[in-house]
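Get your viewer ready and keep the selection box handy. We'll go stop by stop, and at each one I'll tell you what to pick and what to look for.

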Amino acid sequence: MTTTLITTPTFSRHSSVPWRILEQAGAGPVRPYDNTALPSSELRERIGEVDALVVGMDAVTADVIDSADRLKVIAKHGVGVDTIDVAAARARGIPVVCAPGSNSRAVAEFTFGLILDANRRITASHQRVAHGEWPKLFGPELAGKTLAVVGFGRIGRLLTTYALAFGMTVLAHDPYVDDADIHALDATPATLDDCLARADVVSLHLPATSGAGPLLDRRRLTAMKPGALLVNAARGGLVDEEALAALLVEGHLGGAALDAFAHEPLGDSPLRTAPNVLLTSHMAACSHEANRTMGAMIAEDVVRVLAGRQPLRQAH
């Protein structure tokens with residue numbers, strides 16, 4: 001019997017199907033005792049005892065992989081594998097699998113929810129009403145406003161359709177996507193600088209690059225249109241959080257809605273006290289449907305690799 005260590009507490013949260021796929025194949029799923037992601041030190045200690053590893057946002061570094069004596073497959077319970085050293089795994093002959101497309105609609109819907117909430121101050125009103133106040137909070141309508149979608153993959157394209165349905169104009173920046181594909185969805189190709197200068201809402205939908213620093217540093221955040229809203233439901237490393245908090249305090253930016261942070265859970269960050277901020281706990285992908293689909297996809301590939309077969313969805 002083989003052993004699978006599962007560090008993400010959301011695996012198979014709303015469906016028993018992924019568990020059954022592993023159990024019926026004799027893959028012996030095991031959860032950490034505290035039901036949360038493991039720190040690297042504990043992951044290194046435990047990984048030597050397992051044949052398969054299923055992770056969420058855990059950092060699977062080369063050191064962690066080097067500690068694995070029996071490991072045959074690493075599975076990301078999600079889409080982005082930027083927290084996994086894929087090259088180190090490949091060097092050991094360990095495939096890395098993920099669930100591409102499984103959470104695209106969940107993230108796109110959640111992102112648009114953040115845009116609506118932040119603009120019309122829905123959560124801000126709730127918090128004050130719950131404390132006995134009765135405020136009338138004003139905010140802009142979306143019709144006629146410009147959305148910049150930075151990263152035009154599955155999620156960015158779905159978000160574009162939602163924005164267009166609300167009467168927004170959409171700019172799209174993605175150096176890996178042909179202009180014709182952007183035009184086909186009634187969006188307009190634009191440079192990153194043009195997106196920042198023109199958009200009323202900027203939404204990020206791309207992976208972070210290890211060691212590259214934030215895509216939106218203070219210079220680029222300052223270059224955003226005054227009063228604009230920044231939305232990030234992708235990766236925390238994309239944004240200079242201290243600079244963002246400062247620009248919110250200074251009033252240059254109208255607001256920020258963030259579901260991803262450089263350090264999670266969010267600790268003593270200036271964003272917690274900055275004005276006009278909506279903060280959520282990296283939960284954009286947490287729909288019932290996405291959770292069921294991604295769990296089944298990666299469980300299937302784990303079983304395939306453990307049986308000596310090629311995975312269907314290998315990350316590169």
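How many bridges join E3 to strand E4 (residues 73–76)? There are 4, and the two strands run parallel. Before you select anything else, note that this is a predicted model, where local features need pLDDT of at least 70, side-chain atom pairs count only at pLDDT 80 or more, and totals for chains, interfaces and linings use all residues. Residues are numbered from 1 along each chain as its sequence is written, and side-chain values use heavy atoms, with hydrogens and water left out.

**Stop 1: strand E3 and its neighbours**

Select residues 52–55, which make up strand E3. Strands here are DSSP runs (E, at least two residues), helices are DSSP runs too (H or I, at least four), and the numbering starts from the N terminus. Two strands count as paired if DSSP finds at least two bridges between them. On the E4 side, show Ala-52 and its bridge partner Val-73. Now add strand E1 (residues 4–6), which is joined to E3 by 3 bridges and also runs parallel to it. Here the partners to pick are Ile-6 and, in E3, Val-54.

Turn on the side chains of E3 and check both faces: Ala-52 and Val-54 sit on one side, Leu-53 and Val-55 on the other, and all are buried. Buried means under 20% relative accessible area, exposed over 50%, and partly exposed in between (1.4 Å probe, protein chains only).

**Stop 2: just past E1**

Move to Ser-12, in the loop between E1 and helix H1 (17–24). Ser-12 isn't a glycine, yet its phi is positive, about 55°. With a relative accessibility of 8%, Ser-12 counts as buried.

**Stop 3: the aromatic pairs**

How many aromatic pairs does the structure hold? The count is 3. Rings of Phe, Tyr and Trp (its six-membered ring) pair if their centres lie within 6.5 Å; planes under 30 degrees apart count as stacked, over 60 as edge-to-face and the rest as tilted. Start with Phe-11 and Trp-19, an edge-to-face pair at 5.4 Å centre to centre with 80° between the planes. Both Phe-11 and Trp-19 are buried.

Next, select Phe-112 and Tyr-162, another edge-to-face pair, with centres 6.2 Å apart and 70° between the planes. Phe-112 belongs to helix H5 (residues 104–120) and Tyr-162 to helix H7 (residues 154–165), so this pair ties together parts that are 50 residues apart in sequence. Phe-112 is buried at 6% relative accessibility, and Tyr-162 is buried at 18%. Add Phe-166 to the selection: ring pairs link Phe-112, Tyr-162 and Phe-166 into a cluster.

**Stop 4: helix H5 against H7**

Switch to cartoon and pick H5 and H7. How do these two cross? H5 passes H7 in a right-handed crossing (left-handed if the near helix is turned anticlockwise from the far one by less than a right angle, right-handed if clockwise). Their axes come within 8 Å and cross at roughly 45°. The axes are lines fitted to C-alpha atoms, for helices over the stretch in contact, and angles run from 0 to 180 degrees between N-to-C directions. H5 and H7 are therefore oblique to each other (under 35 degrees is roughly parallel, over 145 roughly antiparallel, 65 to 115 roughly perpendicular and the rest oblique).

Stay with H5. Its 17 residues reach 24 Å from the first C-alpha to the last, close to the 24 Å expected at 1.5 Å a residue (the expected span is 1.5 Å times one less than the number of residues). Among the buried residues of H5 are Val-107, Phe-110, Leu-114, Ile-115 and Asp-117. Right after the helix comes Arg-121, with a positive phi near 60°.

**Stop 5: the open sheet**

Colour the strands in the order E8-E7-E6-E9-E10-E11-E12: these 7 form an open sheet with parallel pairing. The edges are strand E8 (188–189) and E12, each pairing on one side only. At the E8 end, 2 bridges join strand E7 (residues 169–173) to E8, and one pair to select is Ala-172 with Pro-189.

**Last stop: the loop between E11 and E12**

Where is the cis peptide bond in this loop? Select Glu-264 and Pro-265, which it joins, with omega about 0°; Pro-265 is found between strand E11 (255–258) and strand E12 (277–279). Finish with Asn-276, in the loop between E11 and E12. Its phi is positive, near 55°, and Asn-276 is partly exposed, at 43% relative accessible area.
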